[in-house]
Amino acid sequence: MDHFLYKNGSLHAEDVPLSDIAAEVGTPFYVYSTATLERHYKLFTEALSPLPHLVCFAIKSLSNIAVLKVLGDLGAGMDVVSGGEYRRAKAAGVPGSRIVFSGVGKTREEMRFALEGGVRQFNVESEPELRALSEVAASMGATAPIAIRINPDVDAKTHEKIATGKKENKFGIPIDRARAVYAEAARLPGIEVVGIDVHIGSQLTELEPFEQAFAKVAELTETLRADGHIIRRLDLGGGLGIPYTRSNEAPPLPLDYGAMIKRTVGHLGCEIEIEPGRLISGNAGLLVSSVIYLKQGEGRDFLIVDAAMNDLARPSMYGAHHDIVPVTEPAPATAAQEFDVVGPVCETGDTFARHRPLTPLGEGDLVAFRSAGAYGAVMASEYNTRPLIPEVLVKGDQFAVIRARPSFDEILNRDTIPTWM
Ligand code: LLP
């Protein structure tokens, strides 16, 4: 459920007409709903209660500091994968004790920075990383709390580019090596083992792969405890999928996911961490764009909009579907017209949808791409020297620009001409 609904014939974000934002901010822009973000976060905390738990928002899905503050103020933890994301979490006021540092290639500088600022735990992904962390922590006279990310070799049944839990993926330590690596961790200076971490992929639309992976984690917990390790936390990753179409998709709900967690690992007495990104942010955001031209092609009509693949990369990168809806509510029983919806970037890949049935649209009309909160703004680039588009946050009847559109001067001034020229 989200808070983007038609009211008085016009699509709103909560109580704000999107056309009002467009008039003030210009298109294209991203808009996020505070109420939706909060609701999605609470669904997870409710689903995991009464187990001791921390919901760590995967910042990679949507990292604007204002959004992080909405969630951080509710008590959310943050899952970060870079020194930059760590800084964002801190800037949003989230204490280090609620920041989990994940990621497959943390540098020594990033480790040092997080140890200085405070960190809940590092999710360690390889033996060389474990040794590097030990060196860094010991050199600072610090202790790094760690969970080791195990790779359970489970097929997440999702898009190949976002599956992470098969043995051929670059992530984690093969589960059959776990005992040896935990034994090494226990011997290393500056390292304190606190738990086990697993993440098998993103946009999972079935519970069964999670269940398989978590059952393996439960078994491993018992083995490692028998080996003398203190396993008091389980970090069960993110990955729960969202409906991208309003029709027939019905991925499992957070409540079902929580019940499955309780079933598989609830008896172990561990604190549970989860790292959802998309389920919290995905349907909390829209990309709003206007039609520049309607162009008649060979056997198709192109709707050329002012957003492009650099603003929302998912369709060109993963062939992802985003529902596209008119901001002005169509009259009932308006006949649909098929469009190829494309952006202005000079690549055929800059196509959002082919043969998409929409209501008739023309120049200047506003359209909204739904489910664009996750992996939208964060994956944007300035390809074709198109400025990063603004982000807007709505709460009730208020809205604020939470990242302004840069000016062309700001963009051009980042380049420098060498003095020899
Ligand atoms: N934790 C870890 C260690 C992850 O690698 C990820 C996502 C998450 C949590 C959050 O997963 P989520 O709950 O959002 O599914 N750009 C792609 C998605 C990449 C996901 C990468 N890892 C897309 O647009 O579909």
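In this predicted model, the buried residues of helix α6 get their cover from several directions: among the elements packed over them are the helices α5 (108-117) and α7 (178-187), along with the strands β8 (121-124), β9 (144-151), β10 (173-174) and β11 (191-197). The residues tucked away in α6 are Glu127, Glu129, Leu130, Ala132, Leu133, Ser134, Val136 and Ala137. As a rule, residues three or four places apart on an α-helix point the same way, because there are 3.6 residues to a turn.

As for the helix itself, α6 runs over residues 127-140, 14 residues in all, and covers 20 Å from its first C-alpha to its last, close to the 20 Å expected. At the N-terminal end, Ser126 acts as the cap, with a side-chain oxygen sitting 3.2 Å from the backbone nitrogen of Glu129. Glu129 is also one of the buried residues of the helix. Past the other end comes Gly141, which has a positive phi, near 70 degrees.

Elsewhere, Ser33 belongs to strand β4 (residues 29-33). Ser33 counts as buried because its relative accessibility is 0%, and the cut-off is under 20%. Its side chain makes a polar contact of 2.8 Å with that of Glu14. Setting aside neighbours within four places in sequence, Ser33 touches His3, Phe4, Glu14, Ala284 and Val394.

Trp420 gives the opposite picture. This residue lies in the segment after α12 (408-412), and Trp420 counts as exposed because its relative accessibility is 72%, where the cut-off is over 50%. Together with Ile417 and Met421, Trp420 makes up a nonpolar surface patch of about 490 Å².

How values were computed. Residues are numbered from 1 along each chain as its sequence is written. This is a predicted model: local features need pLDDT of at least 70, side-chain atom pairs count only at pLDDT 80 or more; totals for chains, interfaces and linings use all residues. Side-chain values use heavy atoms; hydrogens and water are left out. Helices (H or I, at least four residues) and strands (E, at least two) are DSSP runs, numbered from the N terminus. The expected span of a helix is 1.5 Å times one less than its number of residues. Buried means under 20% relative accessible area, exposed over 50%, partly exposed in between (1.4 Å probe, protein chains only). Contact means heavy atoms within 4.5 Å. A polar contact is a pair of N or O atoms within 3.5 Å; within protein, one must be able to donate a hydrogen and the other to accept it, and residues adjacent in sequence count only if both atoms are side-chain atoms. Patches are made of residues with over 30% relative accessible area and no salt bridge: like charges are joined within 9 Å, nonpolar side chains (Val, Leu, Ile, Met, Phe, Trp, Tyr) within 5 Å. Accessible areas come from the Shrake-Rupley method with a 1.4 Å probe; for residues, only the protein chains shown count as cover. A salt bridge is a side-chain nitrogen of Lys or Arg within 4 Å of a carboxyl oxygen of Asp or Glu.
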